[in-house]
Amino acid sequence: QTLWRHRVRIRKRTSGVDHAGARRCWPNDPSLTSAKHAASSPKCMTTLFISDLHIAPSVPHVLKSLRRLISRETPHADALYILGDLVEAWVGDDDDSQTAMELREVLSSAVQNCPVYVMHGNRDFLFGEKLVVDTGIHLIDDPHVITLNEQNVLLSHGDEYCTRDKAYQHVRSIIRSTDWKT
């Protein structure tokens, strides 16, 4: 399980907003959640990144941890990025298993708090338009560039960079094709 959290302090200027003082921190960092800090500091913008959770029925604690992260962190976040392999396997958006239904519920609750951007990984490449409609998430391409603290940041699941694994790259090119998914 991976969680990165990026906070950017915002200082207001007469000409608008100045992005300065990028700070990386862990969830519940006491220096950022104390009453003294909140009263004396400018608003913090928070972007959350998670990847490779591999949610599956055999590891229910992972979905429970995601639910806890969503409830604790997304109300204060500006965005949540899920960078692939959210699930161990996704057989399609028509999956009505208990785990798939719970995952839809968790993603829907996150979207109520902040935008949720999901990138396909090598396990969940069949996330599709029905999941988008059901939950309100946004599917993003791999790779994808965002701007944080006036810096361009490249986001990627990373499996396309396993260039020496020719067999995997061949399979990847087939299963990621539009023809194969339909």
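A residue counts as buried when its relative accessible area is under 20%, and C114, at 4%, is therefore buried by that cut-off. With C114 selected as a starting point, keep in mind throughout the tour that the model is predicted.

**The whole chain**

Before moving to single residues, display the protein as a cartoon, in which 7 helices and 8 strands can be traced. Of its 182 residues, 41% count as buried, and the surface that the protein exposes comes to about 10,500 Å², with carbon and sulfur atoms supplying 53% of that area. If you draw contacts between residues at least 6 apart in sequence, 65% of them join residues that are at least 24 apart.

**The cysteines**

Return to C114, and then add C162 to the selection. Whereas C114 is buried, with a relative accessible area of 4%, C162 is partly exposed, at 39%. A search for disulfides will return none, as the structure holds 0 of them.

**Into helix α4**

Next select residues 98-111, which form helix α4, and within this helix pick out A100. The residue is buried, with a relative accessible area of 3%, and, once residues up to four places away in sequence are set aside, A100 touches W90 and D95. Now add P57 to the view and draw the distance between the C-alpha atoms: A100 and P57 are 9.4 Å apart in space, although 43 residues separate them in sequence.

**From α4 to α3**

Staying on helix α4, move on to its charged side chains. Side chains of opposite charge can pair when their charged atoms come close. The structure holds 7 salt bridges, and one of them is formed by the side chains of E105 and R67, with an N to O distance of 3.1 Å. This pair links distant parts of the chain, since E105 belongs to helix α4 and R67 to helix α3 (residues 60-73), with the two positions 38 residues apart. Both partners are partly exposed: the relative accessible area of E105 is 48%, and that of R67 is 32%.

**From α4 to α5**

Select R104 and D134 next, and show their side chains as sticks. The two form a salt bridge in which the closest N and O atoms are 3.5 Å apart. Because D134 lies in helix α5 (residues 129-135) and R104 in helix α4, the pair ties together parts of the chain that are 30 residues apart in sequence. The accessibility of the partners falls into two classes, for D134 is partly exposed, with a relative accessible area of 35%, whereas R104 counts as buried at 9%.

Keep D134 selected and add K130, which forms a salt bridge with D134 through N and O atoms that are 2.9 Å apart at their closest. Here both residues lie in helix α5, 4 residues apart, or about one turn of the helix. K130 counts as partly exposed, with a relative accessibility of 43%. To see how such pairs can be joined, select R67, E102 and E105 together: salt bridges that share partners connect these three residues into one network.

**A buried aspartate**

Now leave the helices for the loop between β4 (79-83) and α4, and select D85 there. Which side chain of opposite charge is nearest to D85? The nearest is R123, at 4.9 Å, and D85, although buried, has no salt bridge. A salt bridge requires a side-chain nitrogen of Lys or Arg within 4 Å of a carboxyl oxygen, so the distance of 4.9 Å to R123 does not qualify. The side chain of D85 does, however, make a polar contact with the side chain of H157, at 3.2 Å. Expand the selection to the surroundings of D85, leaving out residues up to four places away in sequence, and the residues that D85 touches appear: D52, L53, H54, G121, N122, R123, D124 and H157.

**Last stop: helix α6**

Finish by selecting residues 166-175, which make up helix α6, and centre the view on R172 within this helix. Is R172 buried or exposed? The residue is buried, with a relative accessible area of 14%. Apart from its neighbours within four places in sequence, R172 is in contact with D142, D159 and E160, and these three residues can be added to complete the selection.

Definitions and conventions:
Residues numbered from 1 in each chain as written. Predicted model: local features only at pLDDT ≥ 70, side-chain atom pairs only at ≥ 80, totals over all residues. Heavy atoms only, no water. Buried < 20%, exposed > 50% of the residue type's maximum accessible area, 1.4 Å probe, protein only. Contact = heavy atoms within 4.5 Å. Disulfide = S-S within 2.5 Å. Lys, Arg positive; Asp, Glu negative; His and termini not counted. Polar contact = N/O pair within 3.5 Å; in protein donor to acceptor, adjacent residues only side chain to side chain. Areas by Shrake-Rupley, 256 points an atom, 1.4 Å probe, with all protein chains shown as cover.
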